[in-house]
Amino acid sequence: MLVILPVLFLLFCCPVSCVFQKFYCAVSESCECDFKPNIKDLEWDLYKNLYGQHLAQDIVSEEVASFLQNKSPDHPLVLSFHGSSGTGKTLVSSMLGNHLYGSAMSSPYVHQFVPTLHFPLVERLEEYREELKRWVRENLTECARSVFIFDEMERMPPGLIDVLEPFLGPAHVVFGTNYRKAIYIFISTTGEGVINKLALDYRQAGRDREEISPTDLQDAIAEQVYNSSKSGFYHSSIIQQKLVTRFVPFLPLCRRHVERCAHMQLCQRGCCSCGDVVKAVGEDMIYMPAQGQYFSTTGCKAIPAKINLFL
């Protein structure tokens, strides 16, 4: 026993072992990399704290559960979130990180990219392409269970995101790294036009928004993000090759959803009983279209400032 202990110490503590551990983490089916998914809590969080988004709730819950149940997926999970500002896209991406990793969004295996911060200069496009490809490859080598979140895709330089195509396809190994267990999230306002128009058509026809089906919007969103010059997916091979698992529509929010957001944020401040503030916030928001005023123009985004105004 005394002979075995030093051997075990060297095995787990030496630099060579660390390198081996990283390699094992990249290819092994059992490596955790801080990966501690709790699907039930994710579903509950989506149900309890995401308002007016039955499509997003259903699609995200379904796709994440299905993906994680497959111990050896053929390709990574690629979700593209679309809709107006303040409708919950960033919130859902945070929920995913919070319920997939032991250290939540602070996990070293959750990687977030913002174009204006990470890729601000169009003239450096080729440099960014090489940097992004290297960054993704190295982090997948570090942990196959990595999550990559790309925010503000409408600001992404066209052509940059296509360097990810080899990582998203059906091949087993790319650049010597098993990449099939990764999750990619793209967040964009591109597509809000078709989403909001369909929601308005349903409202004006007297139909419930919960009747809107994912199939009503999948092809329309894909077409718009591919053809819009203001989209990071403009003429992208990722769209051509149909490498996005699902396009996730986020519908415009009605006044009742805005007021629920206000109530939740007031409760977080210890003011759950401030019903007058909730009503005041709902009344002070700007709604569209001019005739009807059905949907908040800013979703829940402006609510903290409104609460400060009325509290």
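**Entry 1: a proline in a loop**

I started at proline 289, which I found in the loop between strand S8 (287-288) and strand S9 (295-296). I had the peptide bond in front of it in mind, since this is a predicted model and I like to look at backbone details early. The bond from methionine 288 to proline 289 is cis, with omega near -10°. I noted that down because most peptide bonds are trans.

Who else touches this proline? I came at that from leucine 200, whose place is in helix H9. Setting aside its neighbours within four places in sequence, leucine 200 is in contact with Pro289, Tyr294 and Phe295. I also took a C-alpha distance from leucine 200 to leucine 251: the two are 51 residues apart along the chain and 9.9 Å apart in space.

**Entry 2: positive phi**

Next I went through the backbone for positive phi outside glycine. Most residues other than glycine have a negative phi, so I wrote down the exceptions I looked up.

Aspartate 34 has a positive phi of about 70°. I found aspartate 34 in the loop between helix H2 (15-27) and H3. Is aspartate 34 buried or partly exposed? Its relative accessible area is 22%, so I put it down as partly exposed; buried would need under 20%.

Glutamate 152 has a positive phi too, near 50°. This residue sits in the loop between strand S3 (147-150) and helix H8 (165-168). Glutamate 152 is partly exposed, with a relative accessible area of 24%.

**Entry 3: the whole chain**

I stepped back for the overall numbers. The secondary structure comes to 14 helices and nine strands. The chain has 311 residues, and 48% of them count as buried. Its accessible surface is about 15,400 Å², with 56% of that belonging to carbon and sulfur atoms.

How much of the contact map is long-range? Among contacts with a separation of 6 or more, 75% are between residues 24 or more positions apart. I picked some examples of residues distant in sequence to go with that figure.

Glycine 191 lies in the loop between S6 and helix H9 (192-204). Glycine 191 is buried, with a relative accessible area of 3%. From its C-alpha to that of alanine 220 I get 7.9 Å, with their positions 29 residues apart in sequence.

Serine 213 is in the loop between H9 and H10. At a relative accessible area of 24%, serine 213 is partly exposed. Its C-alpha and that of leucine 55 are separated by 7.2 Å, although the two residues are 158 apart along the chain.

**Entry 4: aromatic rings**

Then I turned to the rings. A pair of aromatic rings is described by the distance of the centres and the angle of the planes, so I wrote down both values each time. The structure holds 11 aromatic pairs.

Tryptophan 44 and tyrosine 47 form a tilted pair, with 5.6 Å centre to centre and 35° between the planes. Why are they about one helical turn apart? Both belong to helix H3 (residues 39-49) and are three residues apart there, so about one helical turn separates them. Tyrosine 47 counts as exposed, at 57% relative accessibility.

Phenylalanine 186 and phenylalanine 233 make an edge-to-face pair, 5.1 Å centre to centre with 75° between the planes. Phenylalanine 186 lies in strand S6 (residues 183-188) and phenylalanine 233 in the loop between helix H10 (218-227) and helix H11 (237-240), so this pair ties together parts that are 47 residues apart in sequence. Both of these phenylalanines are buried.

I followed the ring pairs outward from there. They link Phe186 and Phe233 into a cluster with Phe113, Phe119, Tyr128, Trp135 and Phe150.

**Entry 5: the largest pocket**

I finished with the largest pocket, which has a volume of about 560 Å³. Which residues lie nearest its centre? I listed Gly86, Thr87, Gly88, Lys89 and Thr90, out of a lining of 24 residues. The elements giving two or more residues to that lining are helix H5 (89-100), S6 and helix H12 (255-268). Sorted by class, the lining has nine nonpolar, nine polar and six charged residues.

Notes:
Residues are numbered from 1 along each chain as its sequence is written. This is a predicted model: local features need pLDDT of at least 70, side-chain atom pairs count only at pLDDT 80 or more; totals for chains, interfaces and linings use all residues. Side-chain values use heavy atoms; hydrogens and water are left out. Helices (H or I, at least four residues) and strands (E, at least two) are DSSP runs, numbered from the N terminus. Buried means under 20% relative accessible area, exposed over 50%, partly exposed in between (1.4 Å probe, protein chains only). Contact means heavy atoms within 4.5 Å. Accessible areas come from the Shrake-Rupley method with a 1.4 Å probe; for residues, only the protein chains shown count as cover. Rings of Phe, Tyr and Trp (its six-membered ring) pair if their centres lie within 6.5 Å; planes under 30 degrees apart count as stacked, over 60 as edge-to-face and the rest as tilted. On a 1 Å grid over the protein atoms alone, a cavity is a set of points where a 1.4 Å probe fits but cannot get out, and a pocket is an open set with protein on both sides within 12 Å along at least five of seven lines; lining residues have an atom within 4 Å of a point. Grid points are joined across faces, edges and corners, and a volume is the space filled by probe spheres set on the points. Ala, Val, Leu, Ile, Met, Phe, Trp, Tyr, Cys and Pro count as nonpolar, Asp, Glu, Lys and Arg as charged, and the others, Gly among them, as polar.
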